[in-house]
Amino acid sequence: MRKICQDGRREDDLNRETGGPDLLIRNVHVATMADTGEAYGVVRDGLVAVAGRRITWVGAARAVPREVAAGAGHILDGEGGWLTPGLIDCHTHLVFAGTRAGEFEMRLRGMTYEAIARAGGGIRSTVAATRTATEEQLCDASEWRMKALAAHGVTTVEIKSGYGLDVDTELRMLRVARTLGERLAVRVSRTLLAAHALPPEYQDRREAYLDLVCGTVVARAAAENLVHAVDAFCEGIAFTPAECARVFDAAVAHRLPVRLHADQLSPFGGAELAARYRARSADHLEYATDAGCRALAAAGTTAVLLPGAYYTLGESHRPPVDALRRHGVRIAVATDLNPGSSPVTSPLLAMNMACVLFGLTPEEALAGMTRQAAPVLGLEGEVGVVSPGACADLALWDVDHPSELSYWIGANPCRAVVRGGEVHDHPGTR
Ligand code: DI6
Ligand code: FE
């Protein structure tokens, strides 16, 4: 149904000299996701005009002023589908070498994620594979994962380091993340996660590793302009709140915003620590306390829910969604795409899991991958909404209602994406 024109756009013979928009998207319903009080910020029978990289007009087609629509350079006919903001996957670890399919089998036989990590596997096994890969090999190994996200409507993706755990490999991962963004024309936000695990060569020298991270890695990443934020894994198998605070202090000294893997496997004071540093986000939060949620609200820190990890690890302790709502914490959703705990390459599957496993509404799940995810990356107002002035990063879906984006399991109704005003066709598999 509703096939868009073959190459995703059509040269119209309208006269360019009238100074019309570069791109006009018509015959669509728009889930603007703007915070209008209306569910999904819906505009039925809408029209969107784009000049250069920016949205210039959004509204009902019947209300469009003549000068807005006339003389469009290109027209994208949505053929009755739904247009949403391009999806934002605000938490991934998609650059790595190898897989952990062997550990998947070990877990199925009863060994826990934590036991595997303590036995020297887990993150460390991906570190070993990633350290031996060249920049080009890492790029080639990771590219399909980013393509998979892009094919599901993702136009902005955050990518963390954290499988290098030495200066060279951490920086190499960030360079690969940058290259992938350039190659695939997807906006990439890069996060330094050198405090992901203790590397084997520092086994009995925790302080020395933290000295390296705080003294050298953060400074080099900042100096080489490779990083937009700093993250840490605050957990019994990783780093204590006091150790993460050291990493945060180094980030703050370089004027970098911070984020935290918090309270994923145990109540560890992660949410409170994130709030204390006014972190952009606290992620996972399965074991966050009510006080932790209150602190996040007061700090304006976004809760990023990662149901792929919860599902993959067979967890049963759900994040306190009701408390997050009650305290007014902004809720985002992401894939956590990584080889160990969340080999999830579909943002729509993450949204479905957020609904089925965590009890989010389909609207909350879509907001969690659009409007609510933007501030996590410092991109509020720039992406995540279909509004005049925002970047023209959009996704066109072959669905009858936006709730279907969370409803189907394993389908991909994405027909096309617009990235920075450029139309890209996607086959979709619905
Ligand atoms: N939490 C996660 O879910 C990922 N990292 C983290 O701190 C898992 C990373 C891995 O197992 O490779
Ligand atoms: Fe993660």
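This is a short tour of a predicted model, going from the whole protein chain to its iron ion.

**Stop 1: the whole chain.** Start with the protein chain in cartoon view. You'll find 15 helices and 17 strands. Turn it around: along its principal axes, the C-alpha trace spans about 70 × 45 × 45 Å. The radius of gyration is 22 Å, which agrees with the value near 22 Å for a compact globule of 430 residues.

**Stop 2: the surface.** Now switch on a surface for the protein chain. About 16,100 Å² is exposed, and carbon and sulfur atoms supply 51% of that. Under it, buried residues make up 60% of the 430 residues. Contacts reach far along the sequence, too: of those between residues at least 6 apart, 73% join residues at least 24 apart.

**Stop 3: the iron ion.** Select ligand 2, the iron ion, and show the side chains that coordinate it: His91, His93 and His261, each through NE2, plus Asp336 through OD. Those distances run from 2.1 to 2.3 Å. Along the chain, the donors follow the spacing H-x1-H-x167-H-x74-D.

What do the angles look like here? Among the 4 donor atoms they go from 80 to 165°, and the site is irregular.

**Stop 4: two ends of the site.** Pick His91, in the loop between strand E7 (87-89) and helix H2 (101-108). Then pick Asp336, in the loop between strand E14 (331-333) and helix H13 (347-356). The pair therefore ties together parts that are 245 residues apart in sequence.

Are these two buried or exposed? His91 is buried, at 0% relative accessibility, and Asp336 is buried as well, with a relative accessible area of 2%.

Notes:
Residues numbered from 1 in each chain as written. Chains lettered and ligands numbered in written order. Heavy atoms only, no water. Donors = N, O, S within 2.8 Å, 3.2 Å for Na, K, Ca; no water. Tetrahedral: all angles 85-135°; square planar, octahedral: opposite > 155°, others 65-115°. Helix = DSSP H or I, 4+ residues; strand = E, 2+ residues; numbered from the N terminus. Buried < 20%, exposed > 50% of the residue type's maximum accessible area, 1.4 Å probe, protein only. Rg over C-alpha atoms; globule rule 2.2 N^0.38 Å. Contact = heavy atoms within 4.5 Å. Areas by Shrake-Rupley, 256 points an atom, 1.4 Å probe, with all protein chains shown as cover.
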